[in-house]
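Work through the exercises below with the sequence and the model open. Try each task before you read its solution.

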Amino acid sequence: MENLGGLKIFVRVADTLSFVEAGRQLGLSASAIGKAVSRLEQRMGARLLHRTTHSVSLTTEGTLFLDRARRILSEMELAAQELSEAGHKVRGPMKVSLPTWAMSFMPIFRRFMQVYPEVRLELELTDRLVDIVGEGYDLAIRTGEVRDSSLMTRIVGRFRHTIIAAPSYLAAHGIPASPEDLLNHRCLHRRHPGSGLIDAWPLARDGVNLDLDLPVALIANSVEARIELAEQGAGVTCVPSIAVSRHIENGRLLSILEGNVRDAGVLRLLWPAGAAPSRNVGVLVDFVAQASVSQKF
């Protein structure tokens with residue numbers, strides 16, 4: 001059982017990339033979390049995590065071991081559920097918030113409906129900053145960091161951005177050969193719903209981030225609106241890659257400056273914190289997280 005405890009702690013650290021946050025969620029000190037991970041590394045004979053003063057990341061061995069650890073814990077949890085909750089069904093309404101561009105999660109929710117037909121899912125796709133607890137959401141899928149202590153979090157993937165424009169626009173205005181060339185183009189932007197600031201595009205050159213004061217031709221908080229405007233030749237915009245994969249495949253939009261766009265961040269599941277999540281929420285979180293392992297974002 002001690003080994004299983006170490007696996008659980010390691011997986012939680014891998015999900016949060018923080019000893020402090022993992023400890024908060026598990027009710028342990030950061031020191032206890034670090035010691036448990038060290039004991040696990042000694043038993044495995046391999047270093048699983050890189051630690052610095054400000055960050056935690058998985059080693060190559062840790063990444064390989066993480067999938068195995070998840071499967072072991074999942075099997076143990078499933079066995080425990082079968083023994084202690086035999087006959088108890090997952091049913092009733094569940095409310096989920098997703099970004100408007102997260103359509104790649106739809107197959108996951110379709111499979112969830114097939115496995116749990118007595119659940120009634122309510123999916124709200126919005127780019128506004130929702131109040132997960134106050135508005136009664138059971139689960140939300142979001143990007144970026146989490147500073148709300150009333151929420152639990154689990155990382156389910158990483159995503160990139162793509163800079164796009166219509167072939168007609170590029171034919172008329174030229175194809176940018178460097179990030180600085182964007183200074184001469186019509187750029188379609190998003191205003192962050194939390195800070196109120198216009199989002200910076202994740203531009204880089206040779207691993208060094210670039211901070212360019214790009215022209216603002218238009219601001220639209222909807223990803224779909226900016227994609228539609230770009231497709232109509234209104235300008236150049238920067239959106240999550242998974243939101244425009246089909247547009248690029250069929251040639252309606254072109255991806256530009258691909259070598260100058262850095263990794264954008266992580267996708268997270270968020271749900272209200274508490275002594276223990278309801279069975280419905282726990283099942284949904286595990287289902288989406290496990291299905292996302294093989295999902296391309």
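**Exercise 1. Is E231 buried, partly exposed or exposed, and what does its salt bridge tie together?**

Step 1. E231 has a relative accessibility of 25%, so E231 counts as partly exposed. The classes are these: buried is under 20% relative accessible area, exposed is over 50%, and partly exposed lies in between (1.4 Å probe, protein chains only).

Step 2. Know your material. This is a predicted model, in which local features need pLDDT of at least 70, side-chain atom pairs count only at pLDDT 80 or more, and totals for chains, interfaces and linings use all residues. Residues are numbered from 1 along each chain as its sequence is written, and side-chain values use heavy atoms, with hydrogens and water left out.

Step 3. Find the partner. E231 forms a salt bridge with R252, and the closest N and O atoms are 2.5 Å apart. A salt bridge here is a side-chain nitrogen of Lys or Arg within 4 Å of a carboxyl oxygen of Asp or Glu.

Step 4. Place both residues. E231 lies in helix α7 and R252 in the loop between α8 and β12 (254-256), so the pair ties together parts that are 21 residues apart in sequence. Helices (H or I, at least four residues) and strands (E, at least two) are DSSP runs, numbered from the N terminus.

Step 5. Check R252. Its relative accessibility is 36%, so R252 counts as partly exposed.

**Exercise 2. Which residues of helix α7 are buried, and what covers them?**

Step 1. Helix α7 spans residues 223-231. Its buried residues are V223, R226, I227 and A230.

Step 2. Look along the axis. These residues cover an arc of only 100 degrees, which puts them on the same side of α7. The arc is that of the directions from the helix axis to the C-beta atoms.

Step 3. Find the cover. It includes β6 (151-165), β7 (187-189), β11 (236-240) and α8 (245-249).

**Exercise 3. Now do the same for helix α5: which residues are buried?**

Step 1. In α5 (residues 106-115), the buried residues are I108, F109 and F112.

Step 2. Their arc around the axis is only 95 degrees, which puts them on the same side of α5.

Step 3. Their cover includes β3 (92-98), β4 (119-125), β5 (139-143) and α9 (279-292).

Step 4. Follow F109 further. The largest nonpolar core has 54 residues, and F105, F109, I163, W201 and L269 touch the most other members. Helix α9 gives the most to this core, with eight residues. A nonpolar core is a set of buried Ala, Val, Leu, Ile, Met, Phe, Trp, Tyr and Cys residues joined through side-chain atoms within 4.5 Å.

Step 5. Add the second core. It is separate, has 19 residues, and includes I9, V13, A14 and L49.

**Exercise 4. Which residues are linked with D15 in a network of salt bridges?**

Step 1. The structure holds 11 salt bridges. Start with R70 and D15, whose closest N and O atoms are 2.7 Å apart.

Step 2. Place this pair. R70 is in helix α4 (residues 60-84) and D15 in helix α1 (residues 2-16), 55 residues apart. Both R70 and D15 are buried.

Step 3. Add R154. Its side chain meets that of D15 in a salt bridge (3.8 Å, N to O). R154 lies in strand β6 and D15 in helix α1, so this pair ties together parts that are 139 residues apart in sequence.

Step 4. Check the burial values. R154 counts as buried at 14% relative accessibility, and D15 counts as buried at 3%.

Step 5. Write the network: D15, R70, R154 and D286.

**Exercise 5. Where is P99, and which residues does it contact?**

Step 1. P99 sits in the loop between β3 and α5. P99 is buried, with a relative accessible area of 5%.

Step 2. Leave aside neighbours within four places in sequence. P99 is then in contact with L125, T126, D127, I141 and R142. Contact means heavy atoms within 4.5 Å.

Step 3. Compare sequence and space. P99 and A140 are 41 residues apart in sequence and 8.8 Å apart in space, C-alpha to C-alpha.

Step 4. Turn to L125. This residue is in strand β4 and is partly exposed, with a relative accessible area of 32%.
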